[in-house]
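Please examine the structure shown here before reading on. The exchange that comes after it is meant for a reader new to this structure.

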Amino acid sequence: MKSIYIAITLLLFLSCNQKQTDSLQTENLQETAKTFGQKLSDAAISIIDSSIDYDPAYFSIQYPNGDVPAKKGVCTDVVIRSYRKLGIDLQKEVHEDMVENFDVYPNLEKWGMTKTDTNIDHRRVPNLEIFFERKGTKLPVTQNSKDYKTGEIVTWMINDKLPHIGIVTNKKSKDGKRNLIVHNVGNGQVLQDCLFEYKIVGHFKYLKEIPESKF
């Protein structure tokens, strides 16, 4: 009987210990998400510049860490430049995933592409949507502003034909109900209350370990 009692006690102890470990892991993940989201929000706000010329032209750029001319850009460049501030190169990451999984990206049917192109692949909203879904977390699309949190990515379809993308920041609308967005829809890289201005079609979270050299 004594041995059975000891065994039961040990099992209860291990069970409680596992629950505590699981709880700590969950808290750590939540803290990581909060910390990363804030840093991405800060990065997006740091690149606000209304003088950026909206230019969807094709540019030949270096690889990796290539960028279009500093005073030019489109909506995807907001996301790319913000992650670059944290030492994360979406040009490289998207390219590497496309090399291995080209068929899951909408290149052939949308643009007639039969191979990767490091100049443009990461600068296309549909490609980023696929990448964030594959490598990050796809979140629900709702009409509840509370569901869109700091550091998350939102994609829209403007007038049912123009894909668009932006970053949710920690800044609030004047009525305090919505997080403001850093995006570029033609007026430069700006901070605006536009979460529900267009039809939301995608909602993602992409967390990465930030290189220590960045902080």
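The questions and answers below concern aromatic rings and one polar side chain in this predicted model.

Q: What kind of aromatic pair do Tyr-148 and Phe-196 form?
A: A search of the whole structure finds nine aromatic pairs, and Tyr-148 with Phe-196 is an aromatic pair whose ring centres lie 6.1 Å apart. The angle between their planes is 85°. Planes over 60 degrees apart count as edge-to-face, so the pair formed by Tyr-148 and Phe-196 is edge-to-face.

Q: How many residues apart in sequence are the parts that the pair of Tyr-148 and Phe-196 ties together?
A: Tyr-148 lies in the loop between strand S3 (137-138) and strand S4 (153-158). Phe-196 belongs to the loop between strand S7 (190-192) and strand S8 (199-205). The pair therefore ties together parts whose separation in sequence is 48 residues.

Q: Is Asn-119 buried or exposed?
A: Asn-119 is found in the loop between helix H4 (107-111) and helix H5 (125-135). Its relative accessible area is 14%. Because a value under 20% counts as buried, Asn-119 is buried.

Q: Which residue has its backbone nitrogen 2.7 Å from a polar atom of the side chain of Asn-119?
A: Leaving aside neighbours within four places in sequence, Asn-119 is in contact with Tyr-58, Phe-59, Ser-60 and Ile-61. With the side chain of Tyr-58, the Asn-119 side chain makes a polar contact of 3.0 Å. The backbone nitrogen at 2.7 Å from a polar atom of the Asn-119 side chain is that of Ile-61.

Conventions
Residues numbered from 1 in each chain as written. Predicted model: local features only at pLDDT ≥ 70, side-chain atom pairs only at ≥ 80, totals over all residues. Heavy atoms only, no water. Phe/Tyr/Trp six-rings, centres within 6.5 Å; stacked < 30°, edge-to-face > 60°. Helix = DSSP H or I, 4+ residues; strand = E, 2+ residues; numbered from the N terminus. Buried < 20%, exposed > 50% of the residue type's maximum accessible area, 1.4 Å probe, protein only. Polar contact = N/O pair within 3.5 Å; in protein donor to acceptor, adjacent residues only side chain to side chain. Contact = heavy atoms within 4.5 Å.
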